[in-house]
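I opened my notebook to get to know this structure one look-up at a time. Come along and read over my shoulder.

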Amino acid sequence: MGVIGQLILAYLAVLGFGLIINIPHQALNLAGWIGTVTWGGYLLVQVFDGGVVLGSFIGSVGIGVLSSLAARYKKMPSIIFNIPSLVSFVPGSQAYQMVRNFALGNYDQAVGFMLQVVVITGAIALGFLVAELLNQLIAFCRQHWQQLRS
Amino acid sequence: MTTDELIIATCLKAGKIMVENGSEISRVDDTMTRIAQNAGVVQANTYVTITGVMMSIQGRNATQIASITKRTIDLEKVAQVNQYSREFADQRIDLPTLHARLNQLDQASRSFPLWLQLVGAALVSGPLMIMFRQETINTWPTVLIGTLGYLVFYLLNRYLKIKFLSELAAALFIGFAAEWTYQIGWGTNINDIIIGALMPLVPGVPLTNAVRDILAGNFVSGPARAVEALISAAALGFGIAVVITIF
């Protein structure tokens, strides 16, 4: 499975989730691209052996910043972009393994997977927080730049 | 209707539509305050939670409450309210028009038809299974079961109106269908099929909004949404756990 293939799949998945939660059709393409770019960032972290947690963190920071830029460009709420693009970062595989091991009675493994789910979800939430900080920084710089020019 | 009443009715309608269709709370607050300001109110007080919206105009005898009993996910409507609010701020439409348009929007149905949502479910389940599990043998069973699982969820949710029960039923269906494809030899790995097929049902909107609300300091709505997401996840997990224990 090549990198290009993964990126195309990421685009398709984000597009699909956008259709399910009914985002405006003008936003579908851009949301797909945000998902693709951030999944590329995640893959890049994997190349340097950064692990799933750091990858999810970088991905969610990217999603937060790019969604805010896209929201300003398209004049739409930013959740329209960041909810669908987050779909490929959901720890679905780990969550499933957690449920499966609980059901089968392998509590040691189940707790291990549960911790993974918690840590990945926490990394995504933290990523949003950092992205919010960056967004305010960008808005601040933009304001000052406009004041300098005028 | 006096002007004050119309302002409050318009703001409440906007807030109600936004909360009902899955917007985060700080945006609802912001939009309502903006509409009120653009309508000439100096200071409006809004109190938005996930189950109700309240608004009063400072110094005047006007306060109204709108309760929110149903919640779906339709981000197009959130974007539309946003758009109308912008047009009102630019004075391209006046207050009665805004109110009429919001009423119209509230009645309107989703713009994407069911078959397009099913295409969406297919696009989510297949690609994500390949991305998570790095294998392509089980793609077609996953796509089929994911689409049918979403159809089960959609139909039950439409007629049963209990979201968690529909999720449980959809998860049971996915589990049994995955087991069946495994037994007839079409699918080779039941775990991969279930992971992919469940992805369209993941409570992404409540989860993201819970995080955003909590970060924004809305400690009433944030945890409430987190509970909603948790119960959805638990319903899905329980359905799958039943299937795993049976086989």
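**Entry 1: an enclosed helix**

I started with helix α8 of chain B (residues 190-198): 9 of its 9 residues are buried, so the helix is largely enclosed by the rest of the structure. Here buried means under 20% relative accessible area, exposed means over 50%, and partly exposed is in between (1.4 Å probe, protein chains only). Helices (H or I, at least four residues) and strands (E, at least two) are DSSP runs, numbered from the N terminus.

Before going on, I noted that this is a predicted model, where local features need pLDDT of at least 70 and side-chain atom pairs count only at pLDDT 80 or more, while totals for chains, interfaces and linings use all residues. Residues are numbered from 1 along each chain as its sequence is written, chains are lettered from A and ligands numbered from 1 in the order in which they are written, and side-chain values use heavy atoms, with hydrogens and water left out.

Which elements cover the buried residues of α8(B)? I found that they include α5 (92-104) of chain A, and from chain B α5 (114-133), α6 (139-160), α7 (163-183) and α10 (221-246). Contact means heavy atoms within 4.5 Å.

At the start of α8(B), I saw a side-chain oxygen of N189(B) reach to within 3.0 Å of the backbone nitrogen of N191(B).

**Entry 2: R133(B)**

Next I looked up R133(B), which sits in helix α5 of chain B. R133(B) is partly exposed, with a relative accessible area of 27%. Leaving aside neighbours within four places in sequence, I found R133(B) in contact with S93(A), Q97(A), D192(B) and I195(B). With D192(B), the side chain of R133(B) makes a side-chain to side-chain polar contact at 2.8 Å. A polar contact is a pair of N or O atoms within 3.5 Å; within protein, one must be able to donate a hydrogen and the other to accept it, and residues adjacent in sequence count only if both atoms are side-chain atoms.

**Entry 3: where the chains meet**

I then turned to the two chains together. In chain A, 41 residues are in contact with 50 residues of chain B. The area buried between chain A and chain B is about 4000 Å², and carbon and sulfur atoms give 73% of that. Buried area is the accessible area (1.4 Å probe) that two parts lose on being put together, summed over both. On the chain A side, I20(A), N22(A) and Y96(A) lose the most area to chain B, together 18% of what that side buries.

How many salt bridges cross between chain A and chain B? I counted 0 across this interface, and 8 residue pairs in polar contact, both at pLDDT 80 or more. The elements of chain A that give two or more residues to the side touching chain B are α1 (3-20), α2 (25-47), α4 (79-85), α5 and α6 (107-149). Of these, α1(A) gives the most, with 10 residues.

**Entry 4: salt bridges**

A salt bridge is a side-chain nitrogen of Lys or Arg within 4 Å of a carboxyl oxygen of Asp or Glu. I found 12 of these salt bridges over all chains. In one of them, K163(B) and E228(B) meet at 3.4 Å, N to O. That pair links distant parts of the chain, with K163(B) in helix α7 of chain B and E228(B) in helix α10 of chain B, 65 residues apart. I noted K163(B) as partly exposed at 22% relative accessible area and E228(B) as buried at 17%.

In another, R225(B) and D213(B) meet at 3.0 Å, N to O. R225(B) lies in helix α10 of chain B and D213(B) in helix α9 (residues 204-215) of chain B, so the pair ties together parts that are 12 residues apart in sequence. Both partners came up as buried: R225(B) at 3% relative accessibility and D213(B) at 0%. I also wrote down a network of salt bridges linking K16(B), E20(B) and K70(B).

**Entry 5: chain B overall, and a record**

Chain B has 10 helices and 3 strands. Of its 247 residues, 53% count as buried. The C-alpha trace of chain B spans about 70 × 30 × 30 Å along its principal axes.

For chain A, I checked UniProt, where an unreviewed entry places the feature "domain: Threonine/Serine exporter ThrE" at residues 6-133. UniProt positions are given in the numbering used here, feature names are shortened, and annotations may be inferred rather than shown by experiment. That span is 85% helix and 0% strand, and its end C-alpha atoms lie 30 Å apart.
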